[in-house]
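User: I should like to learn how the packing of a helix on a sheet is read from a model. Please take me through one case.

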Amino acid sequence: MSEVAATDPSPAPAPTAPASATAPTATARLLEGAPIAREIRAVVAADVQAFVATHGFVPTLAIVVCGSDAPSMVYLRQILNGCEKVGIGGRLVEVLYDEADTGGSAGRLLEGIQALNADRQVAGIIVQMPLPRGISLRTVIETIDPAKDIDGIHPLNNGLVRLGYEGFVPATAHAVIEIIKQSGLPIAGKDAVIIGRSPVVGLPAATLLVKEHATVTVCHSRTADLAGHVRRADIVVVAAGQPGLVTGAMLKPGAVVVDVGINVVGGRITGDVDFESAAPVASAITPVPGGLGPLTNALLLAHLIHAAQRQAAGPATTTAVIRGVNS
Ligand code: NAD
């Protein structure tokens, strides 16, 4: 959850043909997140209604902010609006950050999280990242009740998922898999390359792709021949935070391209893939904005109601289930 997606509900741009007369003319199918997100929200809304009818309270998402800045507040408001749409309660918990007293600030933050852990109505907790200077990320993460860690940042959830058990995964990594699966594109047996090895996007996305039976290569800033790896991939997931890192010339014709990147270039939001050159070569591609962002937010709501259901059902249901990923 180190960086969160800026959801942009504006319509995705249509793929455009390259300017060059010699360039290929085929264009990729556009993998838009919004239609899938709408379907997920409809299911979540029905589940929330059933939950309230059964348990008599509204499951709530708490967003904890310590030393906030304006752009992240815009994003957080979008999450809270999403909660409202599906009947989930949204609670913004603002913790005072004092630069001159980081110890006191950390104490207030941890106490705030502990209070949310103990609050039955709060089914999920998100702590806005990055944390301000002087506050230990590890301590904060480990303070969140793993059962309420709906964005999958707690080591327990990370370990459970890696071991093939049920656990929460970061919503962005989940969105990577869902956009491919929900678009009806095959993953099993495919060669996938992920660019980026962060614990919140690249690595969990790699784990999920392996679970879906892809053969996965994780590339990063020290990868010697990035273009060579990308060229061999049927599925390319780019989560590097580097605008235009992947171009059409690097892609295998027909590749499926998932662009996780969110960069602001010249006042516009752009991904990590050079869309103009990639769209004519790929068979399917996510636009930025309009690709993963809306889906990520919808999946967060799905994780929330799932967490609420599991908490309401008691400890027995939180026992992990082996999924047989080693076969
Ligand atoms: P990060 O900075 O933590 O990690 C970036 C990764 O990219 C690192 O592993 C690094 O090794 C790799 N990398 C950087 N430059 C590279 C290069 N030139 N070649 C190969 N690898 C390179 O970032 P993150 O938190 O994983 O986020 C990645 C991108 O995804 C960012 O643009 C971020 O804004 C975006 N993001 C999007 C969503 C969403 O919902 N769409 C959510 C979270 C993050």
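User: How does α10 lie with respect to β2 and β4, and at what angle does α10 run to β4?

Analyst: Axes are lines fitted to C-alpha atoms, for helices over the stretch in contact, and angles run from 0 to 180 degrees between N-to-C directions. Here α10 lies across β2 and β4 and runs at about 135° to β4. Helices (H or I, at least four residues) and strands (E, at least two) are DSSP runs, numbered from the N terminus. This is a predicted model, in which local features need pLDDT of at least 70, side-chain atom pairs count only at pLDDT 80 or more, and totals for chains, interfaces and linings use all residues. Residues are numbered from 1 along each chain as its sequence is written.

User: Which residues does Ala123 contact beyond its neighbours within four places in sequence?

Analyst: Two residues are in contact if their C-beta atoms, placed from the backbone, lie within 7 Å. Ala123 belongs to strand β4 (residues 122–127). With neighbours within four places set aside, its contacts are Pro59, Thr60, Lys148, Leu304, Ala307, Ala308 and Gln311. The C-alpha atoms of Ala123 and Ala62 are 8.1 Å apart, although 61 residues separate the two along the chain.

User: Is Ala123 buried or exposed?

Analyst: A residue is buried if 20 or more other C-beta atoms lie within 10 Å of its own, exposed if 12 or fewer, and partly exposed in between, with C-beta atoms placed from the backbone. Ala123 has 28 such neighbours and therefore counts as buried.

User: How is α10 itself to be read, in span and in burial?

Analyst: The expected span of a helix is 1.5 Å times one less than its number of residues. Helix α10 (residues 292–313) has 22 residues and reaches 31 Å from first to last C-alpha, close to the expected 32 Å. Of its 22 residues, 17 are buried, so α10 is largely enclosed by the rest of the structure. Gly314 follows α10 and has a positive phi, near 100°.

User: What is the strand order of the sheet that contains β4?

Analyst: Two strands pair if DSSP finds at least two bridges between them. The open sheet has three strands in the order β3-β2-β4, paired in parallel. Because β3 (89–95) and β4 are at the edges with a single partner strand each, one side of each lacks a neighbour in the sheet. On average, neighbouring strands of this sheet are turned by 20° against each other, direction ignored. Strand β2 (residues 60–66) pairs with β4 over five bridges, and Leu61 has Gly124 as its bridge partner in β4.
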